[in-house]
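Here's a quick tour of a protein chain, going from one helix out to the whole fold. Have the viewer open as you read.

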Amino acid sequence: MNKTIRRASVFCLLMVLALLVRATWVQGYQAKALADDEHNRRNTIAQYAHPLGDIIVAGSPVTGSKGTSGGDLRYKRTYTQGELYAAVTGYSSQAYGATQLEGIYSDVLDGTDDRLKNPADLITGKQATPGNVLTTIDPGVQKAAYEALGDDKGAAVAIDPKTGRILGMVSTPSYDPSTISGTNDGDAWKKLLDDQEKPLVNRALRQPLAPGSTFKLVVAAAALENGLYGSVDEATKSPDPYTLPGTRTILRNENASAPCENATLRTALQYSCNNVFAKAAADLGQDKVKEMADAFGFDTKKLDVPVRAAESVYPTGMDKAQTALTGIGQFEVTATPLQMAMVTSALANGGELAAPHMVSSVTDGDGSTLEETGDGESERVVEEKTAEQLRSAMVTVVEEGTGTNAKIAGAEVGGKTGTAQNGVDNSNTPYAWFTSYAKDDSSGKEVAVAVIVEDSGSARSEVSGNGLAAPIAQKMMKAALER
């Protein structure tokens, strides 16, 4: 064999070896990545080749599937009362992917989760019968929240304090996920994206805003836990008006005639005295307030219910004046409705915070449990005595103070109102907040609720936590106690 032929043969052999190595690499190492690639249409075809599993509320599915005509996607997702449950389910779209529970449990719902398969299915790769996702949502609480929010822009969350089960979660304006579940829904999708009210944003979990005076509960807890004051009925050292430390800026109270000078924590919560809580925050210092806020769940980067909530933030690196402003839930303090519901849930539960969750279990197509979310897993936030005192003061807020619209006949109801500044120099319509709890001693039922109304269309002078948010919370709590 001459030299040229020998070289050509060696070169060809090397090319064949290179191809074999590449093929082995693709089949052995890159197969899964290629199979899972979002641009691999085979995945979408397989996902919608059969009816999907369902998301269940109180034993009934709030999702479904229906056959399509034409194309290679045989079924598409449908929703029962889609707008009512959109903040829970999210959407599953043939064109735009999936969000929230639809996205988190997509493998279970489309039958590709390995836990659904028997040994033969694992070997052959056969798609199994889809599973279902069972939620903790109570339809009565959900409906009460949705109807009470109505045309308002806002959100509401209800939690069972003992178990952490999320009983209701609503964000308005809402949308119907059915309108974007197919492949030819571009106009509906664009309309949702262009809507300035952002209906696709889950305000209950994903939009932290200034909590205003509802944050005073956290400051009051810090004051009691750190011994700044011995009880909610001990007089504080709080001048009225109060000048922010190191400045000439006077912090006034909303109600100029309220008895806020040296007021007790009970009275300060009852009348929502800014001077008392701003001074308390400054006296405690940012580290102690932050420690208390973090115990309630602030500054948690991975709060999954199982949908991940946005981080609620208590800021750092502040001077004393800025720390004082955080005492009234302003400066750079932000919170989601879920977070403020967690605050009142912990206080209602004797100072222990049960982990919030809205999925109770995941099952296969036959109803056998694949995974179960345990109730009652909790962490102590404040001492039981502190929680008891703050509940007592919150009852005073509802019975005699700024939260009277939350009263429920025959039930113990405690709450805290909030009106948070919005925009530079409070140039925009303020946010109306209310966070509360209710207990029915005869039935043993309890609930904790947080509501924010970002915009109701009301005149600026009519915006208040008691006027706008408390009536919504009242309807949700009443529905929860009657469930």
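## A helix under cover

Is helix α13 (residues 274–284) mostly covered or mostly uncovered? Keep in mind that this is a predicted model. The helix turns out to be mostly covered, with 10 of its 11 residues buried. The buried set consists of Asn-274, Asn-275, Val-276, Phe-277, Ala-278, Lys-279, Ala-280, Ala-281, Ala-282 and Leu-284. So if you go looking for Lys-279, you'll find it on the buried list, since its relative accessible area is under 20%.

What do these buried residues pack against? Helices α11 (216–225), α12 (265–271), α14 (286–296) and α15 (320–326) are among the partners. Two strands join in as well: β10 (242–243) and β11 (250–251). Right after α13 comes Gly-285, whose phi is positive, at about 90°.

## A five-stranded open sheet

Next up is a sheet. Five strands make it, and reading across you get β2-β1-β7-β15-β16. The sheet is open and its pairing is mixed. At the edges stand β2 (60–61) and β16 (369–372); each has a single partner strand, so one side of each lacks a neighbour in the sheet.

Further in, β1 (residues 55–57) and β7 (residues 132–135) run parallel, joined by two bridges. If you want a spot to zoom in on, try Ile-56, which stands opposite Leu-134 in β7. As background, strands of a sheet pair through backbone hydrogen bonds, either parallel or antiparallel.

## A nonpolar patch on the surface

Which residues form a nonpolar patch on the surface? They are Val-10, Leu-13, Leu-14, Val-16, Leu-17 and Leu-20, and together they have about 550 Å² of accessible area.

Take Val-10 as the example. Its place is in helix α1, which covers residues 3–28. Val-10 counts as partly exposed because its relative accessibility is 46%, and that class lies between the buried limit of 20% and the exposed limit of 50%.

## The chain as a whole

Zooming out, the chain has 483 residues, and 52% of them are buried. The secondary structure adds up to 18 helices and 20 strands. Along the principal axes, the C-alpha trace spans about 105 × 55 × 40 Å.

Two more numbers for your notes. Of the contacts between residues at least 6 apart in sequence, 67% link residues at least 24 apart. The accessible surface is about 21900 Å², with 48% of that belonging to carbon and sulfur atoms.

Note on methods:
Residues numbered from 1 in each chain as written. Predicted model: local features only at pLDDT ≥ 70, side-chain atom pairs only at ≥ 80, totals over all residues. Heavy atoms only, no water. Patch = residues over 30% accessible without salt bridge, like charges linked within 9 Å, V, L, I, M, F, W, Y side chains within 5 Å. Areas by Shrake-Rupley, 256 points an atom, 1.4 Å probe, with all protein chains shown as cover. Salt bridge = Lys/Arg side-chain N within 4 Å of Asp/Glu carboxyl O. Helix = DSSP H or I, 4+ residues; strand = E, 2+ residues; numbered from the N terminus. Buried < 20%, exposed > 50% of the residue type's maximum accessible area, 1.4 Å probe, protein only. Pairing = 2+ DSSP bridges. Contact = heavy atoms within 4.5 Å.
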